[in-house]
Amino acid sequence: MYVPPAFRVDRATCLAFAAARGFGLACAHDGEKPIASPVPFHIEYGSDGTPQLCFHLARHNPLIGRADGVTPWLFAVSDADTYVSPDWYVSPDQVPTWLYRSVHMTGAVRIMTGQQLPDHLNQASARFESDLAPKKPWTVDKMSSGRLEAMMKAIVGLVMTVEGVEGSFKLNQHKSDADHVAVTRALALQTSAGAGILSAAMHAMRPQAFAAVEDNEMLSTAHEGIAP
């Protein structure tokens with residue numbers, strides 16, 4: 001991933017972002033061409049603190065042939081993204097751009113063994129069912145044993161030992177407070193979900209900038225009210 005210094009994100013923030021998202025693109029090379037699949041995942045940590053990215057694929061997915069514990073894979077995780085119009089800036093001579101948040105994780109992938117697959121399925125469902133609270137969580141014991149066994153035979157559990165982690169959060173960090181506030185406000189008025197998510201993230205980045213602008217606006221309004 002090419003990451004300009006202004007947009008670089010530290011390892012802990014990257015891993016927290018990826019864990020919260022829980023969905024990404026698993027990529028490898030089959031010797032002739034790149035191959036990839038979009039998959040959900042959850043992250044566990046080994047006794048030494050090493051991140052373990054756990055997921056599963058359909059048994060006939062060609063990616064499984066690269067899960068030899070040696071071949072490096074790439075896992076790309078993104079959430080919101082949005083277009084930014086040059087008209088939204090306070091400063092002149094701006095250009096169109098695109099804001100986003102993205103994390104790449106790399107490492108070798110191995111196949112789960114023994115009890116690891118059932119444990120993974122329980123942990124994965126618990127992870128995503130928790131987002132649906134207060135709904136009572138679904139659990140695998142709601143399935144018949146025959147159906148569960150058949151489904152488990154149709155998939156292969158995989159674990160990436162995460163070694164490389166890099167992230168790029170392009171959120172106008174290199175712009176002035178005035179431009180940052182102006183674009184954040186413009187995004188908040190857009191209808192796309194991505195624009196709203198990134199507007200909230202940008203507001204949280206520079207709360208003091210918004211406070212200063214709002215104070216100036218209040219002073220300006222007050223002066224207008226007492227003008228002769």
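Trainee: In this predicted model, with which side chain does the side chain of R101 make a polar contact?

Mentor: The model is a prediction, and R101 lies in strand β7. Among the residues that R101 touches are S78, D79 and A80. The polar contact between side chains, at 2.7 Å, is made with D79.

Trainee: Is R101 buried or exposed?

Mentor: A residue counts as buried when its relative accessible area is under 20%. R101 has a relative accessible area of 16%, so R101 is buried.

Trainee: How far apart in space are R101 and S78?

Mentor: R101 touches S78, and also V77 and D79. In sequence, R101 and S78 are 23 residues apart. From C-alpha to C-alpha, their separation in space is 5.8 Å.

Trainee: Over the face of which ring does R101 lie?

Mentor: The contacts of R101 include S168, F169 and L171. A charge sits over a ring only if it is within 6 Å of the ring centre, among other conditions. R101 lies at 5.9 Å from the ring centre of F169.

Trainee: Which side chain is joined to that of S102 by a polar contact?

Mentor: S102 is found in strand β7. At 10% relative accessibility, S102 counts as buried. Leaving aside neighbours within four places in sequence, its contacts include M1, V77, S78 and E166. The polar contact, of 3.1 Å, joins the side chain of S102 to that of S78.

Trainee: With which side chain does the side chain of Q94 make a polar contact?

Mentor: Q94 lies in the loop between β6 and β7. Not counting residues up to four places away in sequence, Q94 touches P86, Y89, K175 and D179. The polar contact between side chains, at 2.8 Å, is with K175.

Trainee: Over the face of which ring does K175 lie?

Mentor: Q94 touches both Y89 and K175. K175 is placed 5.1 Å from a ring centre, over the face of that ring. The ring belongs to Y89.

Trainee: Which residues form one aromatic cluster?

Mentor: A pair of aromatic rings is described by the distance of the centres and the angle of the planes. Searching the whole structure gives 5 aromatic pairs. One cluster is formed by F41, F55, W73 and F75.

Trainee: What is the phi of D93, which is not a glycine?

Mentor: Most residues other than glycine have a negative phi. D93 is placed in the loop between β6 and β7, and at 78% relative accessibility it counts as exposed. Its phi is positive, at about 55 degrees.

Trainee: Is N172 buried or exposed?

Mentor: N172 is in the loop between β9 and α4. N172 is not a glycine, yet it has a positive phi of about 65 degrees. Its relative accessible area is 1%, and therefore N172 is buried.

Trainee: Which residue does a cis peptide bond join to A133?

Mentor: Most peptide bonds are trans. This bond is cis, with omega about 15 degrees. The residue joined to A133 lies in the loop between α2 and α3; it is P134.

Trainee: How many residues does helix α2 have?

Mentor: Helix α2 covers residues 116-129. From its first C-alpha to its last it reaches 20 Å, close to the 20 Å expected at 1.5 Å a residue. Its buried residues include L117, L121 and A124, and what covers the buried residues includes α1, β4 and α3. The helix has 14 residues.

Trainee: What span should the 12 residues of α4 have?

Mentor: The buried residues of α4 include D179, V183 and L187. The expected span is 1.5 Å times one less than the number of residues. The end C-alpha atoms of α4 are 16 Å apart, which agrees with the expected span of 16 Å.

Trainee: How many disulfides does the count come to?

Mentor: A disulfide is a covalent bond between the sulfur atoms of two cysteines, and the cut-off used here is 2.5 Å. The count comes to 0 disulfides. For C14, the nearest cysteine sulfur, that of C27, is 16 Å away. The sulfur of C54 is 18 Å from the closest cysteine sulfur, in C27, which is too far for a bond, and the count is 0.

Key
Residues are numbered from 1 along each chain as its sequence is written. This is a predicted model: local features need pLDDT of at least 70, side-chain atom pairs count only at pLDDT 80 or more; totals for chains, interfaces and linings use all residues. Side-chain values use heavy atoms; hydrogens and water are left out. Rings of Phe, Tyr and Trp (its six-membered ring) pair if their centres lie within 6.5 Å; planes under 30 degrees apart count as stacked, over 60 as edge-to-face and the rest as tilted. A charge sits over a ring if NZ of Lys or CZ of Arg is within 6 Å of the ring centre and within 35 degrees of the ring normal. Helices (H or I, at least four residues) and strands (E, at least two) are DSSP runs, numbered from the N terminus. Buried means under 20% relative accessible area, exposed over 50%, partly exposed in between (1.4 Å probe, protein chains only). Contact means heavy atoms within 4.5 Å. A polar contact is a pair of N or O atoms within 3.5 Å; within protein, one must be able to donate a hydrogen and the other to accept it, and residues adjacent in sequence count only if both atoms are side-chain atoms.
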